Amino acid sequence: MSSQSYSPYRGCHVDVHVTATKLHALGGFHRRFRVRWTILSPGLTSAVAASFPEQFDFLNEQDAFSYGEKRAHVYIDSILSTPCLEQDA
């Protein structure tokens with residue numbers, strides 16, 4: 001498995017992990033790549049805020065890393081744009 005850490009995005013640290021797999025298809029086995037991205041809490045680089053495996057296979061490792069980073073950014077944007085619901089005391 002290969003991993004890359006990216007510069008903080010909106011205060012959150014993003015790590016992307018890519019694993020090579022073999023896919024059986026017509027003509028034999030083909031190499032594909034799976035991606036999982038992780039967001040670490042701001043200020044606590046050991047506390048995982050979210051971690052998601054993607055269901056897609058990628059043709060090359062760089063595409064998998066790029067996709068994982070972009071998906072993590074979208075997730076962070078959606079969390080930060082969602083207003084918190086406050087309960088009445």
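The paragraphs below walk through a predicted model, from its strands to its helix, its core and its salt bridges.

The strands come first. β1 covers residues 2–9 and β2 covers residues 12–25. These two strands pair in the antiparallel sense, with six bridges between them. They form a hairpin that leaves two residues between the strands. At the end of this hairpin, Tyr9 stands opposite Cys12 in β2. Arg10 is found in the loop between β1 and β2, and its phi is near 50 degrees, a positive value in a residue other than glycine. Most residues other than glycine have a negative phi. Arg10 is also exposed, because its relative accessible area is 54% and the cut-off for that class is over 50%.

The next pairing is that of β2 with β3. β3 spans residues 28–40, and 13 bridges join β2 to β3, which run antiparallel. His24 stands opposite Phe29 in β3. This hairpin, too, has two residues between its strands, and Gly27 takes a positive phi near 95 degrees there. A further strand, β4, covers residues 48–53, and a loop lies between β4 and α1. Residues of that loop return below with the salt bridges.

Helix α1 runs over residues 61–81. It has 21 residues and reaches 31 Å from its first C-alpha to its last, close to the 30 Å expected at 1.5 Å a residue. Its buried residues are Ala64, Phe65, Gly68, Ala72, His73 and Ile76. They cover an arc of only 165 degrees around the axis, so they sit on the same side of α1. In general, an α-helix has 3.6 residues a turn, so residues three or four places apart point the same way. What covers the buried residues of α1 includes β1, β2 and β3.

On the other side of α1, Lys70 and Ser81 are exposed. Lys70 has a relative accessible area of 55%, and therefore counts as exposed. Lys70 and Val14 are 56 residues apart in sequence, and their C-alpha atoms are 10.0 Å apart in space.

What do the strands and the helix contribute to the interior? The largest nonpolar core has 14 residues, and those that touch the most other members are Val14, Val16, Val18, Val35, Ile39 and Ala64. β2, β3 and α1 each supply at least two residues of this core. Ala64 thus appears twice, as one of these core residues and as one of the buried residues of α1. In soluble globular proteins, nonpolar side chains tend to be buried together.

Val35 shows the surroundings of one such core residue. Leaving aside residues up to four places away in sequence, Val35 touches Val16, His17, Val18, Phe52, Pro53, Glu54, Phe58, Ala64, Tyr67 and Gly68. Val16, Val18 and Ala64 in that list are also among the core residues that touch the most other members.

The charged side chains remain. Side chains of opposite charge can pair when their charged atoms come close. The structure holds three salt bridges. In one, Arg10 and Asp77 meet at 3.1 Å, N to O. The pair links distant parts of the chain, with Arg10 in the loop between β1 and β2 and Asp77 in helix α1, 67 residues apart. Arg10 is the exposed turn residue described above, whereas Asp77 is partly exposed at 26% relative accessibility.

Another salt bridge joins Asp57 and Arg34 at 2.4 Å, N to O. Asp57 lies in the loop between β4 and α1 and Arg34 in strand β3, so this pair ties together parts that are 23 residues apart in sequence. Asp57 is partly exposed, with a relative accessible area of 32%. Arg34 is partly exposed as well, with a value of 38%.

The remaining salt bridge is between Arg71 and Glu54, at 3.8 Å, N to O. Arg71 lies in helix α1 and Glu54 in the loop between β4 and α1, so the pair ties together parts that are 17 residues apart in sequence. Arg71 counts as partly exposed at 34% relative accessibility. Glu54 is buried, with a relative accessible area of 12%, and is also one of the residues that Val35 touches.

Notes:
Residues are numbered from 1 along each chain as its sequence is written. This is a predicted model: local features need pLDDT of at least 70, side-chain atom pairs count only at pLDDT 80 or more; totals for chains, interfaces and linings use all residues. Side-chain values use heavy atoms; hydrogens and water are left out. A salt bridge is a side-chain nitrogen of Lys or Arg within 4 Å of a carboxyl oxygen of Asp or Glu. Helices (H or I, at least four residues) and strands (E, at least two) are DSSP runs, numbered from the N terminus. Buried means under 20% relative accessible area, exposed over 50%, partly exposed in between (1.4 Å probe, protein chains only). A nonpolar core is a set of buried Ala, Val, Leu, Ile, Met, Phe, Trp, Tyr and Cys residues joined through side-chain atoms within 4.5 Å. Contact means heavy atoms within 4.5 Å. Two strands pair if DSSP finds at least two bridges between them. The expected span of a helix is 1.5 Å times one less than its number of residues. The arc is that of the directions from the helix axis to the C-beta atoms.
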